[in-house]
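Welcome! Here are some short exercises to work through with the structure open beside you. Try each task before you read its solution.

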Amino acid sequence: MSVFSKLFNGSENPNLNALLANKNFKRFISNAEDISIGFSEINIFKLENIKKEQIGYSLTKNWKSLIGKNNGDWKKNWIVIATDDMADPIFVDIEKPNLPVYTAEHGIGEWEEINIAISIENFSQILHDLKKLSIERENPNKIEKNPISVMELESFLSKTKNDNNGMNIEYWEIFLEND
(Lines give C-alpha, C1' and ligand atoms only; values in the text may rest on other atoms or scores of the structure.)
Protein backbone atom coordinates (compact mmCIF):
# COMPACT_ATOMS: atom_id res chain seq x y z
CA MET A 1 0.00 0.00 0.00
CA SER A 2 1.44 3.43 -0.96
CA VAL A 3 2.01 6.24 1.53
CA PHE A 4 -0.75 8.15 -0.26
CA SER A 5 -3.39 5.43 0.12
CA LYS A 6 -2.38 4.85 3.76
CA LEU A 7 -2.72 8.55 4.47
CA PHE A 8 -6.25 8.93 3.25
CA ASN A 9 -8.03 5.58 3.36
CA GLY A 10 -11.01 7.13 1.56
CA SER A 11 -11.09 10.19 3.84
CA GLU A 12 -10.46 13.81 2.91
CA ASN A 13 -8.44 14.40 6.10
CA PRO A 14 -4.91 12.99 6.16
CA ASN A 15 -3.72 10.43 8.67
CA LEU A 16 -0.39 12.08 9.36
CA ASN A 17 0.88 9.05 11.28
CA ALA A 18 1.31 7.26 7.94
CA LEU A 19 3.46 10.13 6.63
CA LEU A 20 5.56 9.99 9.77
CA ALA A 21 6.21 6.31 9.06
CA ASN A 22 8.11 7.37 5.91
CA LYS A 23 11.78 7.05 6.98
CA ASN A 24 13.01 9.88 4.73
CA PHE A 25 10.36 12.27 6.00
CA LYS A 26 10.95 11.24 9.61
CA ARG A 27 14.70 11.84 9.22
CA PHE A 28 14.06 15.23 7.63
CA ILE A 29 11.54 16.49 10.19
CA SER A 30 13.70 15.28 13.08
CA ASN A 31 16.83 17.08 11.87
CA ALA A 32 15.64 20.16 9.95
CA GLU A 33 16.26 23.60 11.39
CA ASP A 34 14.78 26.99 10.59
CA ILE A 35 16.87 29.14 8.25
CA SER A 36 17.25 32.90 8.35
CA ILE A 37 19.39 34.86 5.87
CA GLY A 38 18.97 38.63 5.85
CA PHE A 39 15.26 39.24 5.31
CA SER A 40 14.51 35.66 4.17
CA GLU A 41 13.35 32.78 6.37
CA ILE A 42 12.15 29.21 6.18
CA ASN A 43 10.35 27.99 9.29
CA ILE A 44 10.09 24.20 9.58
CA PHE A 45 7.13 22.88 11.55
CA LYS A 46 7.74 20.82 14.64
CA LEU A 47 6.59 17.23 14.42
CA GLU A 48 3.89 17.70 17.04
CA ASN A 49 2.42 20.69 15.12
CA ILE A 50 2.18 19.20 11.60
CA LYS A 51 -1.57 18.46 11.79
CA LYS A 52 -2.44 21.90 13.20
CA GLU A 53 -0.31 23.60 10.53
CA GLN A 54 -2.54 22.18 7.77
CA ILE A 55 -5.21 24.72 8.82
CA GLY A 56 -5.75 27.24 6.08
CA TYR A 57 -4.44 24.88 3.41
CA SER A 58 -6.17 21.47 3.48
CA LEU A 59 -8.30 22.12 6.58
CA THR A 60 -10.43 24.88 8.11
CA LYS A 61 -10.12 25.86 11.78
CA ASN A 62 -13.04 23.49 12.40
CA TRP A 63 -11.14 20.61 10.75
CA LYS A 64 -13.32 20.65 7.61
CA SER A 65 -11.66 19.81 4.31
CA LEU A 66 -10.53 22.56 1.91
CA ILE A 67 -9.32 20.00 -0.62
CA GLY A 68 -10.67 20.28 -4.15
CA LYS A 69 -10.33 18.57 -7.50
CA ASN A 70 -10.24 21.63 -9.78
CA ASN A 71 -7.16 23.45 -11.05
CA GLY A 72 -6.02 25.91 -8.40
CA ASP A 73 -7.55 23.94 -5.50
CA TRP A 74 -5.46 22.52 -2.65
CA LYS A 75 -4.69 18.90 -3.53
CA LYS A 76 -5.32 15.90 -1.32
CA ASN A 77 -1.72 14.74 -1.65
CA TRP A 78 -0.11 17.99 -0.42
CA ILE A 79 1.10 18.20 3.20
CA VAL A 80 2.54 21.50 4.47
CA ILE A 81 5.85 21.09 6.32
CA ALA A 82 7.07 24.69 6.55
CA THR A 83 6.45 28.32 5.57
CA ASP A 84 8.74 30.98 4.21
CA ASP A 85 9.06 34.62 5.27
CA MET A 86 6.08 35.56 3.07
CA ALA A 87 3.94 32.93 4.91
CA ASP A 88 3.76 30.90 1.71
CA PRO A 89 3.44 27.15 2.36
CA ILE A 90 6.26 24.73 1.67
CA PHE A 91 4.79 21.28 1.16
CA VAL A 92 5.51 17.74 0.02
CA ASP A 93 3.56 15.71 -2.50
CA ILE A 94 2.91 12.46 -0.68
CA GLU A 95 1.64 10.75 -3.81
CA LYS A 96 5.21 10.57 -5.11
CA PRO A 97 7.64 8.23 -3.33
CA ASN A 98 10.56 10.69 -3.22
CA LEU A 99 8.33 13.39 -1.61
CA PRO A 100 9.13 16.31 -3.94
CA VAL A 101 8.91 19.72 -2.25
CA TYR A 102 6.86 22.66 -3.53
CA THR A 103 5.76 26.13 -2.57
CA ALA A 104 2.81 28.21 -3.72
CA GLU A 105 1.86 31.83 -3.28
CA HIS A 106 -0.96 32.32 -0.80
CA GLY A 107 -3.70 34.91 -1.05
CA ILE A 108 -4.19 34.89 -4.82
CA GLY A 109 -7.34 32.76 -4.86
CA GLU A 110 -5.75 29.60 -6.24
CA TRP A 111 -2.78 27.37 -5.56
CA GLU A 112 -0.14 27.06 -8.28
CA GLU A 113 2.65 24.79 -7.09
CA ILE A 114 6.30 25.59 -7.80
CA ASN A 115 8.80 22.76 -7.42
CA ILE A 116 11.69 23.82 -5.16
CA ALA A 117 13.35 20.42 -4.61
CA ILE A 118 12.95 17.07 -6.38
CA SER A 119 12.86 15.16 -3.08
CA ILE A 120 12.74 15.65 0.67
CA GLU A 121 16.41 14.58 0.77
CA ASN A 122 17.36 17.27 -1.75
CA PHE A 123 15.36 19.85 0.21
CA SER A 124 17.29 18.84 3.32
CA GLN A 125 20.56 19.35 1.42
CA ILE A 126 19.41 22.78 0.20
CA LEU A 127 18.63 23.77 3.80
CA HIS A 128 22.06 22.50 4.87
CA ASP A 129 23.73 24.59 2.15
CA LEU A 130 21.65 27.63 3.13
CA LYS A 131 22.62 27.14 6.78
CA LYS A 132 26.29 27.45 5.78
CA LEU A 133 25.51 30.59 3.75
CA SER A 134 23.62 32.09 6.69
CA ILE A 135 26.60 32.21 9.06
CA GLU A 136 27.06 35.86 10.09
CA ARG A 137 24.14 36.74 7.75
CA GLU A 138 21.17 35.73 9.93
CA ASN A 139 19.47 39.13 9.88
CA PRO A 140 19.35 42.32 7.76
CA ASN A 141 22.09 44.07 9.77
CA LYS A 142 24.49 41.14 9.55
CA ILE A 143 23.97 40.53 5.82
CA GLU A 144 24.53 44.22 5.13
CA LYS A 145 27.94 43.93 6.81
CA ASN A 146 28.69 40.53 5.24
CA PRO A 147 26.80 40.22 1.92
CA ILE A 148 26.71 36.97 -0.03
CA SER A 149 29.36 37.22 -2.71
CA VAL A 150 28.57 36.65 -6.38
CA MET A 151 30.76 33.55 -6.29
CA GLU A 152 28.93 32.12 -3.23
CA LEU A 153 25.53 32.85 -4.80
CA GLU A 154 26.48 31.31 -8.15
CA SER A 155 27.96 28.26 -6.44
CA PHE A 156 24.80 27.67 -4.35
CA LEU A 157 22.46 28.17 -7.32
CA SER A 158 24.53 25.97 -9.64
CA LYS A 159 24.75 23.15 -7.10
CA THR A 160 21.02 23.38 -6.33
CA LYS A 161 20.11 23.31 -10.02
CA ASN A 162 22.45 20.39 -10.77
CA ASP A 163 21.33 18.38 -7.72
CA ASN A 164 17.70 18.85 -8.74
CA ASN A 165 17.99 17.74 -12.39
CA GLY A 166 18.06 21.20 -13.95
CA MET A 167 14.96 22.43 -12.07
CA ASN A 168 14.10 26.12 -12.39
CA ILE A 169 15.78 27.74 -9.39
CA GLU A 170 14.01 31.10 -9.52
CA TYR A 171 12.50 30.56 -6.04
CA TRP A 172 15.99 30.20 -4.55
CA GLU A 173 17.29 33.24 -6.47
CA ILE A 174 14.45 35.33 -5.04
CA PHE A 175 14.94 33.82 -1.57
CA LEU A 176 18.56 35.00 -1.57
CA GLU A 177 17.85 38.52 -2.89
CA ASN A 178 18.26 40.64 0.19
CA ASP A 179 17.52 44.13 -1.11
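**Exercise 1.** In this predicted model, find how the lining of the largest pocket divides into nonpolar, polar and charged residues.

*Solution.* Start with the classes: the lining has 7 nonpolar, 6 polar and 7 charged residues. Together, 20 residues line this pocket, and those nearest its centre are Asp84, Asp88, Tyr171, Ile174 and Phe175. Next, look at the elements: β6 (114-117) and α7 each give two or more residues to the lining. Helix α7 gives the most, with 4 residues. Finally, the volume of the largest pocket is about 480 Å³.

**Exercise 2.** Work out which helix gives the most to the lining of the second largest pocket.

*Solution.* First, the space: this pocket holds about 220 Å³. Its lining has 13 residues, with Asn31, Ala32, Ser124, Leu127 and His128 closest to the centre. Two helices, α3 (23-31) and α4, each supply at least two lining residues. Of the elements, α4 gives the most, with 6 residues.

**Exercise 3.** Decide where around α6 its buried residues lie.

*Solution.* Begin by checking the helix length. With 14 residues (150-163) at 1.5 Å a residue, α6 should span 20 Å, and its end C-alpha atoms are indeed 20 Å apart. Now pick out the buried residues of α6: Phe156, Leu157 and Thr160. They cover an arc of only 90 degrees around the axis, so they sit on the same side of α6. On the other side, Val150, Met151, Glu154 and Asn162 are exposed. Lastly, the cover over the buried residues includes α4 (120-134) and α7 (170-176).

Note on methods:
Residues are numbered from 1 along each chain as its sequence is written. This is a predicted model: local features need pLDDT of at least 70, side-chain atom pairs count only at pLDDT 80 or more; totals for chains, interfaces and linings use all residues. Side-chain values use heavy atoms; hydrogens and water are left out. The expected span of a helix is 1.5 Å times one less than its number of residues. Buried means under 20% relative accessible area, exposed over 50%, partly exposed in between (1.4 Å probe, protein chains only). The arc is that of the directions from the helix axis to the C-beta atoms. Contact means heavy atoms within 4.5 Å. On a 1 Å grid over the protein atoms alone, a cavity is a set of points where a 1.4 Å probe fits but cannot get out, and a pocket is an open set with protein on both sides within 12 Å along at least five of seven lines; lining residues have an atom within 4 Å of a point. Grid points are joined across faces, edges and corners, and a volume is the space filled by probe spheres set on the points. Ala, Val, Leu, Ile, Met, Phe, Trp, Tyr, Cys and Pro count as nonpolar, Asp, Glu, Lys and Arg as charged, and the others, Gly among them, as polar.
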